[in-house]
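User: Please take a close look at the pairing of charged side chains in this protein. I should also like to see how the findings fit with the rest of the fold.

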Amino acid sequence: MNTLPGSRTTYGRLRTLTTLAVLAVVASCSADSGTTPGDGSSSGSAAVNSVRLTPASSELGLGGTLQLKLTALDAQDNEVVGRATVWASADTAVAAVSAGGLVTARRIGIVQLQAAVDGRSAFSVVNVVAARVGTIVVTPGNSTVPVGNALQLTARVTDAGGAVLTDRLVFWQSSNNSVALVTSTGLVSGRTAGTATITATSEGKATTAQITVTGVTPPPSGGTTAPAAVDSVKVEPGDTTMARNTTARFRARVFVGGRAVTDRPVTWSVTQSADGADVLSVSAAGEVSALNRANTTGFVNATADGVAGSAKVAIVNKAATSVAIAPPTASLEKGRSLVVSATVRDDEGNAADEPLTWVSSAPNVLGITTAGVPAGSARVTALEAGSATITARTVRDVRGTASITVTNPPAPVVTTARVDVTPGSRSLLTGETQQLTATAFDALGARRDGRTFAWRSSAPAVASVNAATGLVTAVGAGTATIIAADGAEEGSAVITVTVPPPPIVTQRVEVTPPPGPLLPGGTQQLTATAFDNNNARREGRSFSWTSTNPAVATVGATTGLVTAVAPGAANIIAVADGVSGSTNVVVNAPPRAAVARVTVAPATQTLDIGQAGPALTAAPSDAAGTPLTGRDAPVWTSSNGAVASVNASGVVTGVGPGTATITATIEGVAGAATITVNPPRPAPVARVAVSAAPATIVAGSTAQASAAPFDAAGNALAGRGAPTWTTSNGAIATVNATTGVVTGVAPGTATITATIEGVAGSTTVTVTAPPPAPVATVTVTTTAATLEIGGTAQVTATASDAGGASLPGRGPATWASSAPGVATVNAAGVVTAVAAGTTTITGTIESKSGAVTITVNPPPPPPVTTARVEVTPASATIEQGATRQLEAAAFDGAGARREGRTFQWTSGNPAVATVSSSGLVTAVGGGTATITAADGAVTGTATITVTVPPPPPTTASVTVTPSPVTLVAGTTQQLTATARDAAGAVRTGRTFVWQSSNPAVATVDAAGVVRAVGAGSATITAADGTVVGSAAVTVTPSAPAVVEPPPVARVVVDPAAVTLPDKGGSAVRERLLTARPLSATDVLLTDRSCTWSGGRSTDGRDRIVQITSMSPTTARVRSDEVGVTSVVASCGGQSGSSAVVVRSGDDDDDD
């Protein structure tokens, strides 16, 4: 028989690849999977040690493609090229993979993809999602609408590739509903003249159109003022998810002028799914029902005065909480298959309609496919001896598992037909060793384990080999062939020995991994790797470890284990051979304790109306009573603002008689104090006004002083007691204690005081001497004779008598300017320059005058200064903890914007809202704060209103589902705990502590997964703090697994072609044919029987060969007549054939 060179090796490789690739039914002719042939390059006989598939996980839009890349590596991490690759998909309905590794997304779901090279596999998980919204285009775009008219806008939604998405919902919103109102369908109505921005939003993407409304707004009918327009309507709780056949209460908040109002009627409606199907209903009170249709979306709409708000509702199936696989355990003989089924249930124990993804933990041991089996089932096929866990997983990652053990079938008597030696070639340095491995294969390409080989070298002076172990030692330069023999069959490897290169040194040290932030007391294991100057790893190096900041983090001197000590940063250094590498470690401070109690001091205060008491203090403490520092400033509120008010600093002011509770809230926890305000009392005398007529008297004369009492508000008080009069200096002036008559005694001043009800007031009385000598001349001097516009100078007038002697104390002078348009002068002699020019300043004392000339220079050009600052938005409402960016703009006196200005931002009430240097506002506590932006002395403001969300609920009950549960020993069940508050609302994000009352029957892990251990009953509890829920679990003994034999996939007849002499020849006329029934994974099915047919000519008239069945899988054929025929073997519904040629005489070249 003629045999192609290397044909046995090729067959063995294909069989191995096909076996390892069974993750789905793989067919070389399928478009869903395939084999990538070698690219013609060669890496010799290097064995594939590992493979990498990138990306390992990815998200792909429906209909999109993704190119996977497979890299094969040998034991030294060198890339191996030129090898065939087998690709497969676990679920081709979700995503298919081509022979070149190109993935095509077909249906939403999660699928595992596999690639195999020379028996080594790698996996990639692809999550197929709906196409994302890429762009939205609004037409007709920016437009003008007259008042009272309407304009229909349309939105065109496309994905990133430009494909139109017709199934997406669009949400419309107007920036100013008082100018232009837009409906949920995009119909814009002009209301008042102005400009509004219309925004269309779909799945987080948005675009806008500028709408200008023109014309005159008609006045309201009846001559009355129309109510303020609604700004917006907010539907709460906003975008959410509902399970089908459930209800939820929605609430509409109507905003007018930036404040929520309750006097506007609200109309509720729903927008159904994009395909027109009914998915939601809503009552007049906002009670929303999700109908019996899942995996779709709708909108809940609330409309007030024509303004609508919406919330998107995604309707889903009730989430699966458990997956159980039957049977939970099984044992399979290699080559056989078994159909397993999974039951998916929700928290009420009902079947949950969720797709499953099946995965085998060891695809080389156990293949798995969903082809040809009912939904919710999978067929597993035993490939290699070992153990594997199969997992059925929902899209929400709820899992069930089963354990399968694969055993080898009884081995047939086989002989070695081929020996492979790996690695097939290797280069060594003198003195180095290389362990070679020999593998024997039978005639079918199956590996023969446990064989003993005899090793020898063709050139022991170059390379010697241990005759028993195959360990090669490089001796001298040259090439040697190392041979391994199993009986008469041999395999070989080529060893090339070269002189070793000079010794290498450490070039650099890498420290991995980069550690994430640690908390004090936490640890992180670091690893150091040394590399030589060829960038090759240096194994077996010793490293010494140090920390640059042991107060922050320490490190084991030889282990590289980092321990966090205190918050801060440290550099961790590893040194080997004098070369160092390092990495940075950051230690964060531990989370602070929650506020449990707030104490307000003093606990009580008594005030009068209008009186402000000492500031109250609020001290937070934790649950253990330990005081807490560095916490948020308290938010102060009064229960009765008509009795007492409180400011952000805790200062309480009495407003009206009564009692009020002052509350301080810190981080959601409140404390209080009681304030009592006394009723009003008769107004006390707060001020006494005193005057004297005349206020200046000559020594010896008198003046009458008078006194009038006033309260704190400046009101005159009648009917009060008579004043008591006193003087500050009786040597200057005396006063009658009863009548208030003042008598001048000597030149000077005295203070006259009147006291009424303990409150004093005073006035000054001047006593003068007899008239002095008359003024004869007046001389005027100035501090500056030349001024700039706006500048000032002080002029002084000096009086002299007729002899020229100065008369001090005379005056003051009366001042006048000859040209007030050039410069003015006030009564104090201050000259102010007004305009360019010259003026004469005249000072007159007792009818005598003097003058000085003042010159005012022309003005320089005026500088450009800021005249106005605008802050936008001028007002905003944000929730506590949120932020809002404000913008400031400066304008000069001409209204031109001044670019590049720097603003100083301040908050008028930091307890309500703070502001950064860039204008970013952070909401701190409930209330209102004025945010100011200043450009020099010019300021602009914005009003920020901060709302405080309600305090979080607490858990009142815990429900564990499903319950009760019956499990078979060895299986698992996912339990779900649901926490609810006192109102019955579900609390998400809770962490539960799980326990089993009887671990010998059933155990439970921290995720609520119950594992059945032994027959009996147990109670599984889940605790949220002190609140506990439970589920009853009953465990029954496991049932034996039902093993289904694999079907015959194809039949191969050996030999495939036979040539025999006819009965007239002298050569052997007989030949033995063997039928090999194979499974879908090319495993030989030794327990099957085959029937034989054929052997006649094409027209059926002549019998070319006689067929005699010899065993269940063998038959003998004997030639009769010259001709060509086929001998067919039929096994398990499949058939294969051998072509038989009978030639005249002894013309037989089959062998």
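Analyst:
**A charged pair and its setting**

Arg901 counts as partly exposed, at 34% relative accessibility. The model is a predicted one, and the values below are computed from it. The side chain of Arg901 meets that of Asp935 in a salt bridge, with an N to O distance of 2.9 Å. This pair links distant parts of the chain, for its members are 34 residues apart. Arg901 belongs to the loop between strand 86 (897-898) and strand 87 (904-907), whereas Asp935 is in strand 90 (residues 927-935). Is Asp935 buried or exposed? Asp935 has a relative accessible area of 7%, which is under 20%, and therefore counts as buried. The bridge thus has a partly exposed arginine and a buried aspartate.

In general, side chains of opposite charge can pair when their charged atoms come close. The structure holds 30 salt bridges, and others among them offer a useful comparison. Arg447 and Asp449 meet through their side chains at 2.9 Å, N to O, and both of these residues are exposed. Glu510 and Arg508 form a salt bridge with an N to O distance of 2.4 Å. Glu510 is partly exposed at 34% relative accessibility, and Arg508, with a relative accessible area of 27%, is partly exposed as well. There is also a network of salt bridges, which links Lys234, Glu236, Arg251 and Arg253.

A covalent link may be set beside these charged pairs. The structure holds 1 disulfide, which joins Cys1090 to Cys1131 with an S to S distance of 1.9 Å. The torsion about this S-S bond is about 115°, so the disulfide is right-handed. Cys1090 lies in strand 105 (residues 1090-1094) and Cys1131 in strand 108 (residues 1123-1131), so the disulfide ties together parts that are 41 residues apart in sequence. Cys1090 is buried, with a relative accessible area of 8%, and Cys1131 is buried with a value of 0%.

The nonpolar side chains come next. In soluble globular proteins, nonpolar side chains tend to be buried together. Here the largest nonpolar core has 26 residues, and those with the most contacts inside it are Ile325, Trp358, Leu366 and Ile390. Several strands supply at least two residues each, including strand 31 (320-326), strand 35 (366-369), strand 37 (386-393) and strand 38 (399-407). Strand 33 gives the largest share, 4 residues. Trp358 shows how far these contacts reach along the chain: beyond its neighbours within four places in sequence, it is in contact with residues including Ala90, Ile325, Val340, Ile368, Gly376 and Ala392. A second core, separate from this one, has 23 residues, among them Val51, Leu66, Ala72 and Val111.

Strand pairing completes the picture. Strands of a sheet pair through backbone hydrogen bonds, either parallel or antiparallel. Strand 56 (residues 568-576) runs antiparallel to strand 53 (residues 544-547), to which 4 bridges join it. Ser547 stands opposite Ile572 in this pairing. Strand 56 also pairs in the antiparallel sense with strand 57 (residues 579-587), over 9 bridges, and here Ala570 stands opposite Val585. Strand 56 and strand 57 form a hairpin with 2 residues between the strands, in which Asp577 takes a positive phi near 55°.

Elsewhere, an open sheet of 4 strands has the order 59-65-64-61, with mixed pairing. Strand 59 (604-607) and strand 61 (635-638) are at its edges with a single partner strand each, so one side of each has no neighbour in the sheet. From one strand to the next, the twist averages 25°. Within the sheet, strand 64 (residues 658-666) and strand 65 (residues 669-677) are joined in the antiparallel sense by 9 bridges, and Gly658 stands opposite Val677.

A strand residue also gives a sense of distance within the model. Ser427 is placed in strand 40 (residues 425-429) and counts as exposed at 51% relative accessibility, because this value is over 50%. The C-alpha atoms of Ser427 and Leu60 are separated by 45 Å, and the two residues are 367 apart along the chain.

To return to the request, Arg901 and Asp935 meet in a salt bridge that links distant parts of the chain.

Note on methods. Residues numbered from 1 in each chain as written. Predicted model: local features only at pLDDT ≥ 70, side-chain atom pairs only at ≥ 80, totals over all residues. Heavy atoms only, no water. Core = buried A, V, L, I, M, F, W, Y, C linked by side-chain atoms within 4.5 Å. Buried < 20%, exposed > 50% of the residue type's maximum accessible area, 1.4 Å probe, protein only. Contact = heavy atoms within 4.5 Å. Salt bridge = Lys/Arg side-chain N within 4 Å of Asp/Glu carboxyl O. Pairing = 2+ DSSP bridges. Disulfide = S-S within 2.5 Å. Axes fitted to C-alpha atoms, helices over the stretch in contact; angles between N-to-C directions.
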